[in-house]
Amino acid sequence: MTEEFIIFTDLDGTLIRSAKNRAEADVVVERKNGEEITCVSTNAAKRFSALKNAVPITTRSIEQYQRINIPGFSPEYAVCANGGVLLVNGEVCEEWLRFSKSAFDECKSEMDKCREMFENDENRSFELRLVDGLFLFTKSRCAAKTIANAGGFKKLNCFSVGEKVYAFPKALEKGTAAKRFIERQNFRGKIICAGDSLPDISMLNTADIAIFPEDLKGVCAKTALTAPREAFCDFVAEKLAEICG
(Lines give C-alpha, C1' and ligand atoms only; values in the text may rest on other atoms or scores of the structure.)
Protein backbone atom coordinates (compact mmCIF):
# COMPACT_ATOMS: atom_id res chain seq x y z
CA MET A 1 0.00 0.00 0.00
CA THR A 2 1.69 3.21 -1.16
CA GLU A 3 -1.34 5.52 -1.07
CA GLU A 4 -2.03 7.76 1.91
CA PHE A 5 -5.40 6.17 2.70
CA ILE A 6 -7.01 2.76 2.97
CA ILE A 7 -10.72 1.93 2.74
CA PHE A 8 -12.31 -0.87 4.73
CA THR A 9 -15.88 -1.47 3.63
CA ASP A 10 -18.74 -3.79 4.38
CA LEU A 11 -20.64 -5.17 1.37
CA ASP A 12 -24.31 -6.00 2.00
CA GLY A 13 -26.28 -2.87 2.82
CA THR A 14 -23.19 -0.73 2.27
CA LEU A 15 -21.87 -1.23 -1.26
CA ILE A 16 -24.55 -3.61 -2.52
CA ARG A 17 -28.21 -4.20 -1.67
CA SER A 18 -30.85 -6.86 -2.10
CA ALA A 19 -32.23 -7.29 -5.59
CA LYS A 20 -35.71 -8.15 -4.29
CA ASN A 21 -37.00 -4.65 -5.00
CA ARG A 22 -34.50 -3.52 -7.59
CA ALA A 23 -35.33 -0.83 -10.13
CA GLU A 24 -35.28 -1.77 -13.79
CA ALA A 25 -32.08 0.20 -14.42
CA ASP A 26 -30.18 -1.28 -11.45
CA VAL A 27 -27.14 -3.45 -12.17
CA VAL A 28 -27.33 -7.02 -10.85
CA VAL A 29 -23.99 -7.96 -9.27
CA GLU A 30 -24.81 -11.38 -7.82
CA ARG A 31 -26.84 -14.39 -8.92
CA LYS A 32 -27.35 -17.81 -7.39
CA ASN A 33 -28.97 -20.65 -9.30
CA GLY A 34 -30.22 -18.10 -11.79
CA GLU A 35 -31.86 -15.94 -9.12
CA GLU A 36 -30.90 -12.28 -8.79
CA ILE A 37 -29.49 -11.78 -5.28
CA THR A 38 -27.89 -8.31 -5.02
CA CYS A 39 -27.60 -5.20 -7.14
CA VAL A 40 -26.31 -1.62 -7.26
CA SER A 41 -27.81 1.50 -8.77
CA THR A 42 -26.55 2.74 -12.12
CA ASN A 43 -25.11 5.82 -10.39
CA ALA A 44 -23.17 3.67 -7.92
CA ALA A 45 -21.99 1.34 -10.68
CA LYS A 46 -20.30 4.25 -12.44
CA ARG A 47 -18.21 4.99 -9.36
CA PHE A 48 -16.80 1.59 -8.37
CA SER A 49 -13.97 1.64 -10.90
CA ALA A 50 -12.61 4.77 -9.16
CA LEU A 51 -12.18 3.06 -5.80
CA LYS A 52 -8.55 2.59 -4.85
CA ASN A 53 -7.06 0.79 -1.85
CA ALA A 54 -10.47 -0.67 -0.95
CA VAL A 55 -10.52 -3.80 1.21
CA PRO A 56 -13.96 -5.38 1.66
CA ILE A 57 -14.48 -6.83 5.13
CA THR A 58 -17.59 -8.97 5.11
CA THR A 59 -19.39 -11.56 7.18
CA ARG A 60 -19.96 -13.50 3.96
CA SER A 61 -18.30 -16.86 3.46
CA ILE A 62 -15.61 -17.23 0.81
CA GLU A 63 -18.11 -18.77 -1.61
CA GLN A 64 -20.67 -16.01 -1.03
CA TYR A 65 -18.06 -13.30 -1.54
CA GLN A 66 -16.79 -14.84 -4.75
CA ARG A 67 -20.31 -14.83 -6.23
CA ILE A 68 -20.24 -11.03 -6.35
CA ASN A 69 -19.22 -9.42 -9.63
CA ILE A 70 -19.25 -5.62 -9.49
CA PRO A 71 -18.15 -4.18 -12.85
CA GLY A 72 -14.81 -2.38 -12.52
CA PHE A 73 -14.31 -3.41 -8.89
CA SER A 74 -11.72 -6.15 -8.30
CA PRO A 75 -9.97 -5.56 -4.96
CA GLU A 76 -6.57 -7.16 -4.48
CA TYR A 77 -7.49 -7.94 -0.87
CA ALA A 78 -10.74 -9.00 0.76
CA VAL A 79 -11.55 -10.28 4.24
CA CYS A 80 -14.38 -12.82 4.61
CA ALA A 81 -15.98 -14.65 7.55
CA ASN A 82 -16.13 -11.48 9.67
CA GLY A 83 -12.36 -11.24 9.74
CA GLY A 84 -11.51 -14.92 9.67
CA VAL A 85 -10.25 -15.32 6.09
CA LEU A 86 -7.97 -13.01 4.08
CA LEU A 87 -8.09 -13.40 0.31
CA VAL A 88 -5.15 -12.10 -1.74
CA ASN A 89 -6.08 -11.96 -5.41
CA GLY A 90 -8.75 -14.55 -4.64
CA GLU A 91 -6.42 -16.97 -2.83
CA VAL A 92 -6.64 -17.77 0.89
CA CYS A 93 -3.77 -16.42 2.98
CA GLU A 94 -2.79 -19.45 5.05
CA GLU A 95 -0.92 -17.47 7.70
CA TRP A 96 -4.01 -15.36 8.39
CA LEU A 97 -6.21 -18.46 8.47
CA ARG A 98 -3.96 -20.23 10.98
CA PHE A 99 -4.53 -17.40 13.46
CA SER A 100 -8.28 -17.57 12.87
CA LYS A 101 -8.43 -21.34 13.33
CA SER A 102 -6.45 -20.98 16.54
CA ALA A 103 -8.98 -18.42 17.79
CA PHE A 104 -11.79 -20.85 16.96
CA ASP A 105 -10.04 -23.75 18.71
CA GLU A 106 -9.62 -21.67 21.87
CA CYS A 107 -13.37 -21.25 22.22
CA LYS A 108 -14.49 -24.59 20.77
CA SER A 109 -16.09 -25.83 23.98
CA GLU A 110 -18.24 -22.70 24.19
CA MET A 111 -19.00 -22.93 20.48
CA ASP A 112 -20.21 -26.51 20.95
CA LYS A 113 -22.52 -25.37 23.77
CA CYS A 114 -23.79 -22.51 21.63
CA ARG A 115 -24.41 -24.89 18.73
CA GLU A 116 -26.53 -27.07 21.02
CA MET A 117 -28.52 -24.04 22.19
CA PHE A 118 -29.17 -22.93 18.62
CA GLU A 119 -30.12 -26.46 17.55
CA ASN A 120 -32.71 -26.71 20.34
CA ASP A 121 -34.06 -23.16 20.02
CA GLU A 122 -37.78 -23.30 19.25
CA ASN A 123 -37.50 -19.98 17.37
CA ARG A 124 -34.88 -21.22 14.90
CA SER A 125 -36.22 -20.99 11.34
CA PHE A 126 -33.22 -22.07 9.27
CA GLU A 127 -30.53 -24.71 9.17
CA LEU A 128 -27.52 -24.26 11.46
CA ARG A 129 -24.27 -23.71 9.57
CA LEU A 130 -20.61 -23.67 10.59
CA VAL A 131 -19.39 -21.12 8.05
CA ASP A 132 -15.86 -21.65 6.67
CA GLY A 133 -15.19 -23.65 9.82
CA LEU A 134 -15.06 -20.44 11.87
CA PHE A 135 -18.50 -19.28 13.07
CA LEU A 136 -22.13 -20.35 13.52
CA PHE A 137 -24.99 -18.95 11.48
CA THR A 138 -28.74 -19.51 11.49
CA LYS A 139 -32.00 -17.54 11.40
CA SER A 140 -34.66 -17.05 14.04
CA ARG A 141 -38.31 -16.01 14.16
CA CYS A 142 -37.42 -14.10 17.33
CA ALA A 143 -33.72 -13.30 17.14
CA ALA A 144 -33.69 -11.32 20.40
CA LYS A 145 -34.86 -14.39 22.35
CA THR A 146 -32.40 -16.65 20.56
CA ILE A 147 -29.52 -14.34 21.43
CA ALA A 148 -30.69 -13.95 25.04
CA ASN A 149 -30.81 -17.73 25.44
CA ALA A 150 -27.26 -18.01 24.08
CA GLY A 151 -25.82 -15.38 26.42
CA GLY A 152 -23.14 -15.73 29.08
CA PHE A 153 -20.23 -16.87 26.93
CA LYS A 154 -16.81 -15.41 27.72
CA LYS A 155 -15.10 -16.15 24.41
CA LEU A 156 -17.97 -15.74 21.94
CA ASN A 157 -19.83 -12.80 20.48
CA CYS A 158 -23.45 -13.74 19.80
CA PHE A 159 -25.55 -11.19 17.93
CA SER A 160 -28.30 -10.78 15.38
CA VAL A 161 -28.94 -8.63 12.32
CA GLY A 162 -32.64 -8.80 11.57
CA GLU A 163 -33.55 -12.50 11.54
CA LYS A 164 -29.94 -13.59 11.03
CA VAL A 165 -28.14 -14.97 14.09
CA TYR A 166 -24.39 -15.38 14.51
CA ALA A 167 -21.88 -16.72 17.03
CA PHE A 168 -18.25 -15.68 16.49
CA PRO A 169 -15.03 -16.12 18.44
CA LYS A 170 -14.37 -12.72 20.00
CA ALA A 171 -11.02 -12.60 18.21
CA LEU A 172 -12.89 -12.62 14.89
CA GLU A 173 -14.53 -9.26 14.47
CA LYS A 174 -14.21 -6.68 11.76
CA GLY A 175 -12.33 -4.14 13.87
CA THR A 176 -9.70 -6.71 14.79
CA ALA A 177 -9.44 -7.70 11.12
CA ALA A 178 -8.84 -4.08 10.10
CA LYS A 179 -6.10 -3.73 12.71
CA ARG A 180 -4.49 -7.02 11.66
CA PHE A 181 -4.47 -5.92 8.04
CA ILE A 182 -2.98 -2.52 8.87
CA GLU A 183 -0.20 -4.22 10.84
CA ARG A 184 0.37 -6.79 8.08
CA GLN A 185 0.77 -4.06 5.46
CA ASN A 186 2.67 -1.72 7.81
CA PHE A 187 0.20 0.99 6.82
CA ARG A 188 0.45 4.39 8.50
CA GLY A 189 -1.98 6.59 6.56
CA LYS A 190 -5.61 7.62 6.92
CA ILE A 191 -8.27 4.96 7.54
CA ILE A 192 -11.72 5.24 5.97
CA CYS A 193 -14.42 2.73 6.91
CA ALA A 194 -17.96 2.19 5.66
CA GLY A 195 -20.58 -0.07 7.21
CA ASP A 196 -24.26 -0.24 8.04
CA SER A 197 -24.91 -2.64 10.94
CA LEU A 198 -23.87 -3.95 14.35
CA PRO A 199 -20.98 -6.18 13.12
CA ASP A 200 -19.45 -3.12 11.43
CA ILE A 201 -19.21 -0.91 14.52
CA SER A 202 -15.84 -2.23 15.71
CA MET A 203 -14.46 -1.59 12.20
CA LEU A 204 -16.02 1.88 12.00
CA ASN A 205 -14.43 2.74 15.34
CA THR A 206 -10.94 2.19 13.90
CA ALA A 207 -11.55 4.90 11.28
CA ASP A 208 -10.37 8.43 10.83
CA ILE A 209 -13.46 8.84 8.64
CA ALA A 210 -16.46 6.57 9.22
CA ILE A 211 -19.38 6.33 6.80
CA PHE A 212 -22.57 4.84 8.23
CA PRO A 213 -26.38 5.23 8.35
CA GLU A 214 -27.60 8.01 10.60
CA ASP A 215 -29.65 5.55 12.70
CA LEU A 216 -26.64 3.32 13.58
CA LYS A 217 -25.61 3.91 17.19
CA GLY A 218 -22.29 3.29 18.94
CA VAL A 219 -19.86 4.72 16.35
CA CYS A 220 -17.20 7.02 17.79
CA ALA A 221 -14.85 7.68 14.86
CA LYS A 222 -13.01 11.00 14.52
CA THR A 223 -15.12 12.13 11.57
CA ALA A 224 -18.59 10.80 10.74
CA LEU A 225 -20.35 10.94 7.36
CA THR A 226 -23.96 9.79 7.64
CA ALA A 227 -27.01 9.44 5.46
CA PRO A 228 -30.53 7.98 5.71
CA ARG A 229 -30.49 4.21 5.43
CA GLU A 230 -32.71 4.13 2.35
CA ALA A 231 -30.12 6.14 0.39
CA PHE A 232 -27.05 4.75 2.06
CA CYS A 233 -25.52 2.55 -0.67
CA ASP A 234 -25.48 5.38 -3.22
CA PHE A 235 -24.14 7.74 -0.55
CA VAL A 236 -21.23 5.37 0.20
CA ALA A 237 -20.33 4.97 -3.47
CA GLU A 238 -20.38 8.75 -3.92
CA LYS A 239 -18.28 9.54 -0.85
CA LEU A 240 -15.69 6.82 -1.50
CA ALA A 241 -15.31 7.97 -5.12
CA GLU A 242 -14.76 11.52 -3.85
CA ILE A 243 -12.09 10.32 -1.41
CA CYS A 244 -10.34 8.36 -4.16
CA GLY A 245 -10.36 11.47 -6.34
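Two strands count as paired if DSSP finds at least two bridges between them. Strands (E, at least two residues) and helices (H or I, at least four) are DSSP runs, numbered from the N terminus.

This is a predicted model: local features need pLDDT of at least 70, side-chain atom pairs count only at pLDDT 80 or more, and totals for chains, interfaces and linings use all residues. Residues are numbered from 1 along each chain as its sequence is written, and side-chain values use heavy atoms, without hydrogens and water.

**Exercise 1.** Find how β7 is joined to β8.

*Solution.* Step 1: locate β7 at residues 85–88. Step 2: count the bridges to β8; there are 2, and the strands run antiparallel. Step 3: take Leu87; its bridge partner in β8 is Val92.

**Exercise 2.** Work out the strand order of the sheet, and why β6 and β8 each have one side without a neighbour.

*Solution.* Step 1: the order is β6-β7-β8, an open sheet of 3 strands with antiparallel pairing. Step 2: β6 (77–80) and β8 (91–92) are at the edges. Each has a single partner strand, so one side of each lacks a neighbour in the sheet.

**Exercise 3.** Describe how helix α3 packs on the sheet.

*Solution.* Step 1: α3 spans residues 94–106. Step 2: list its contacts (heavy atoms within 4.5 Å): β6, β7 and β8. Step 3: compare directions; α3 makes about 175 degrees with β7. Axes are lines fitted to C-alpha atoms, for helices over the stretch in contact, and angles run from 0 to 180 degrees between N-to-C directions.

**Exercise 4.** Identify the residues where α3 meets α6.

*Solution.* Step 1: in α3, take Trp96, Phe99 and Ser100. Step 2: in α6, take Ala177, Arg180, Phe181 and Arg184.
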